[in-house]
Amino acid sequence: MTPPTPRTHGSARLWSVPTGPLQENALLVAGSQNQGFLIDPGDDAERLLALVRETGVEVQAILLTHGHFDHIGAVEPLRAALGAPVYLHPADLPLYRLGKASAGRWNLPFTQPRDPEHPIAQGQTFTAGDLTLTARELPGHAPGHVIFVGDGFVVAGDTLFAGGIGRTDLPGGNHNQLIEGIGRELLTLPDDTSVYPGHGGWTTVGREKRSNPFLG
Ligand SMILES: [Zn+2]
Ligand SMILES: [Zn+2]
């Protein structure tokens, strides 16, 4: 099969796939040597595995922006199929472990993944060939939420959306912390940086600075 066309930033290629009933965007990111990372495999494990196989990307690790169930529902089958370790900020481990209970409240089926192999810390870098992603803590939507900053793009999870921000009424949420974190970690990136949110379409830092009603 012909792989779908990725978006490109320099030598980095990104494939975004909306998964599950909450249409959570899983992202496959790879550098020029076709090594890369799978971020937030929320659901639809078979579809994500097919994408990995079609693109031929060697997935070095599964990276999680945070522990909400809609971002982790396909972790277990993909970790097994790819033999890749899972990374999560430790402050989101309690939410991660509540995945099945949270999905149950929506009456959604869910495979509870085993605990992640590795923690994520502020400033930690993830390298696969010529691709480097840097984790930055951005709590407020979830206490251990991180974003992954690449060259010309950022994977934002549920912090900043096109025209919106993450909800802060869930356990561990904090509105002021989220707004402050967006200002500190996202809006300081160059205006032409592409933002890939956990739900909905991509946007840019500059566009959100100018038009996002929650910022400013
Ligand atoms: Zn979330
Ligand atoms: Zn989400």
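Visitor: Which residues does the UniProt annotation "domain: Metallo-beta-lactamase" cover?

Guide: That annotation, from an unreviewed entry, covers residues 23–199; UniProt positions follow the numbering used here, feature names are shortened, and annotations may be inferred rather than shown by experiment. This is a predicted model, in which local features need pLDDT of at least 70, side-chain atom pairs count only at pLDDT 80 or more, and totals for chains, interfaces and linings use all residues. Residues are numbered from 1 along each chain as its sequence is written, chains are lettered from A and ligands numbered from 1 in the order in which they are written, and side-chain values use heavy atoms, with hydrogens and water left out.

Visitor: What makes Asp70, His71, Asp158 and His199 donors of the zinc ion (ligand 2)?

Guide: Donors are N, O and S atoms within 2.8 Å of the metal (3.2 Å for Na, K and Ca), and water is not among the atoms, so sites may look incomplete; Asp70 (OD), His71 (NE2), Asp158 (OD) and His199 (NE2) coordinate this ion at 2.1 to 2.3 Å, and therefore they qualify.

Visitor: Why is the site of the zinc ion (ligand 2) called irregular?

Guide: Four donors count as tetrahedral if all angles lie between 85 and 135 degrees, four count as square planar and six as octahedral if opposite donors are over 155 degrees apart and all others between 65 and 115, and anything else is irregular. The four donor atoms here make angles of 87 to 157 degrees, and the site is classed as irregular.

Visitor: How do you know whether histidine 71 and histidine 199 are buried or partly exposed?

Guide: Buried means under 20% relative accessible area, exposed over 50%, and partly exposed in between (1.4 Å probe, protein chains only); histidine 71, at 0%, therefore counts as buried, whereas histidine 199, at 21%, counts as partly exposed.
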